[in-house]
Amino acid sequence: MAAAAASTPQGVTERRGIPAASFVEDVESYLRQARLDVNSGLAFLQERLQQYKIVEMKLLAQQRDLQAKIPDIEKCLDIVASLQVKKALGEALTADFELSEGIYSRAKIEDTDSVCLWLGANIMLEYSCDEANALLKKNLENAKASLEVLVADLQFSRDQQTITQVTIARVFNWDVHQRRSKQATKET
Amino acid sequence: MQQGDGAEAQVTWEDQQNINRFGRLNNRLHELDDEIKLAKEANENLDDAGNELILSDEDVVRFQIGEVFAHMPRDDVETRLEQMKEDAAKKLERLEEEKESILAQMVELKKILYGKFKDAINLEED
């Protein structure tokens, strides 16, 4: 997958559903080819910019979720590892846990052959410690891989926003320049 | 880009890519500032924990693993804490190095872009 910095002219035309903003070589020919006057051109570009911003918001929300999920999985791996260590030593694990907000109780965990994992959707399954380790590690890898892809998506989306913002400024400036030249020729 | 008088230099694809790169670096810089702040807090917390451990004279310490507080012998806790402190310090160092590198790259890009566009571009934080 071309995750290169190049967007257009010789590169990616879209990324996972996000269209690339086409780079405008020359404002005048761009407007002529698109058959747009300056105001329509600016309106079109502004709308595109808004769409990119909406995509960015969505991606940021997904990124936050993943960034919260990863430490949770790591904590789970930590505790499964601790249980396995204790089992190897033949000792029970004594732990203080929260019974309700502000109320703690003590538990002595002796049989450490298995743990129960919360899979979501109100389902909890019992796994042996080894199986739990494998499952949690796989989930962690998947989460990290998804995060990487997401970050690349975000960078792409922001690049397209930047391109669009620059194009808007250039179209506007071109228009100002045009008006000034017309004004100048009128006055001579 | 600024709303200029229309008589400035033309923007090439290379310029656009430089501008995009500057934007990406700037975004990463803000993220890094947040991450560095969190890493510094984590380091401080670990230092405080270490101090508390030294002050206390209990043999069994309640050490947080996941959502529970496991009872662990004092020595084990000391070892774990040392390891955590080392990891946290390394992480902070890594983040600060990345920040240095990004700042340097941004300085370079500013030179290039201001060189070509002068007033027509604004790369400062508002």
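A residue counts as buried when its relative accessible area is under 20%, as exposed when that area is over 50%, and as partly exposed in between. By this scale Lys91(B), at 44% relative accessibility, counts as partly exposed, because its value falls between the two cut-offs. The structure to which this reading applies is a predicted model, and the paragraphs below begin at the pocket that Lys91(B) helps to line.

Lys91(B) has its place in helix α2 of chain B, and its C-alpha atom is separated by 9.0 Å from that of Ile36(B), a residue 55 positions away along the chain. Together with Pro71(A), Glu74(A), Leu38(B) and Ala42(B), Lys91(B) belongs to the residues that lie nearest the centre of the largest pocket, whose lining comprises 49 residues. The volume of this pocket is about 2400 Å³. Elements of both chains contribute two or more residues to its lining: from chain A these are α2 (38-89) and α3 (129-187), and from chain B they are α1 (13-55), β1 (60-65) and α2 (74-117). The largest share, 15 residues, is provided by α1(B). When the lining is sorted by class, 22 residues are nonpolar, seven are polar and 20 are charged.

Helix α2 of chain A, one of the elements that line the pocket, is also where Val38(A) is found. With a relative accessible area of 13%, Val38(A) is buried, because this value is under the 20% cut-off. If residues up to four places away in sequence are set aside, Val38(A) touches Leu31(A), Val171(A), Trp174(A) and Asp175(A). The C-alpha atom of Val38(A) is separated by 20 Å from that of Thr162(A), which stands 124 residues apart from it along the chain.

The charged side chains offer a second route through the model, in which 25 salt bridges are found over all chains. Asp153(A) takes part in a salt bridge with Arg15(A), where the closest N and O atoms are 2.4 Å apart. Because Asp153(A) lies in helix α3 of chain A and Arg15(A) in strand β1 (residues 14-15) of chain A, this pair ties together parts that are 138 residues apart in sequence. Both of these partners are buried, and for Asp153(A) the relative accessibility is 2%. The side chain of Asp153(A) also meets that of Arg16(A) in a salt bridge, with an N to O distance of 2.6 Å. This second pair again links distant parts of the chain, since Arg16(A) sits in the loop between β1 and β2 of chain A while Asp153(A) is in helix α3, 137 residues apart.

In chain B, the side chains of Asp15(B) and Lys116(B) meet in a salt bridge at 2.5 Å, N to O. Here Asp15(B) in helix α1 and Lys116(B) in helix α2 of chain B are linked across 101 residues. The two partners fall into separate accessibility classes, because Asp15(B), with a relative accessible area of 7%, is buried, whereas Lys116(B), at 33% relative accessibility, counts as partly exposed. Chain B also holds a network of salt bridges that links Arg28(B), Glu31(B), Glu35(B) and Glu98(B).

Aromatic side chains pair as well, and a search of the whole structure finds two aromatic pairs over all chains. One of them is formed by Phe23(A) and Trp13(B), with 5.2 Å centre to centre and 55° between the planes, an arrangement that is classed as tilted. This pair crosses between chains, from Phe23(A) in the loop between β2 (18-19) and α1 (27-34) of chain A to Trp13(B) in helix α1 of chain B. Both Phe23(A) and Trp13(B) are buried.

Two points in the backbone complete the picture. Asn122(A), in the loop between β5 (114-120) and β6 (123-128) of chain A, has a phi near 55°, a positive value in a residue other than glycine. Lys118(B), which lies in the segment after α2 of chain B, likewise has a positive phi, about 45°, although it is not a glycine. With a relative accessible area of 71%, Asn122(A) is exposed, and Lys118(B), at 55% relative accessibility, counts as exposed too.

Note on methods: Residues are numbered from 1 along each chain as its sequence is written. Chains are lettered from A and ligands numbered from 1 in the order in which they are written. This is a predicted model: local features need pLDDT of at least 70, side-chain atom pairs count only at pLDDT 80 or more; totals for chains, interfaces and linings use all residues. Side-chain values use heavy atoms; hydrogens and water are left out. On a 1 Å grid over the protein atoms alone, a cavity is a set of points where a 1.4 Å probe fits but cannot get out, and a pocket is an open set with protein on both sides within 12 Å along at least five of seven lines; lining residues have an atom within 4 Å of a point. Grid points are joined across faces, edges and corners, and a volume is the space filled by probe spheres set on the points. Helices (H or I, at least four residues) and strands (E, at least two) are DSSP runs, numbered from the N terminus. Ala, Val, Leu, Ile, Met, Phe, Trp, Tyr, Cys and Pro count as nonpolar, Asp, Glu, Lys and Arg as charged, and the others, Gly among them, as polar. Buried means under 20% relative accessible area, exposed over 50%, partly exposed in between (1.4 Å probe, protein chains only). Contact means heavy atoms within 4.5 Å. Rings of Phe, Tyr and Trp (its six-membered ring) pair if their centres lie within 6.5 Å; planes under 30 degrees apart count as stacked, over 60 as edge-to-face and the rest as tilted. A salt bridge is a side-chain nitrogen of Lys or Arg within 4 Å of a carboxyl oxygen of Asp or Glu.
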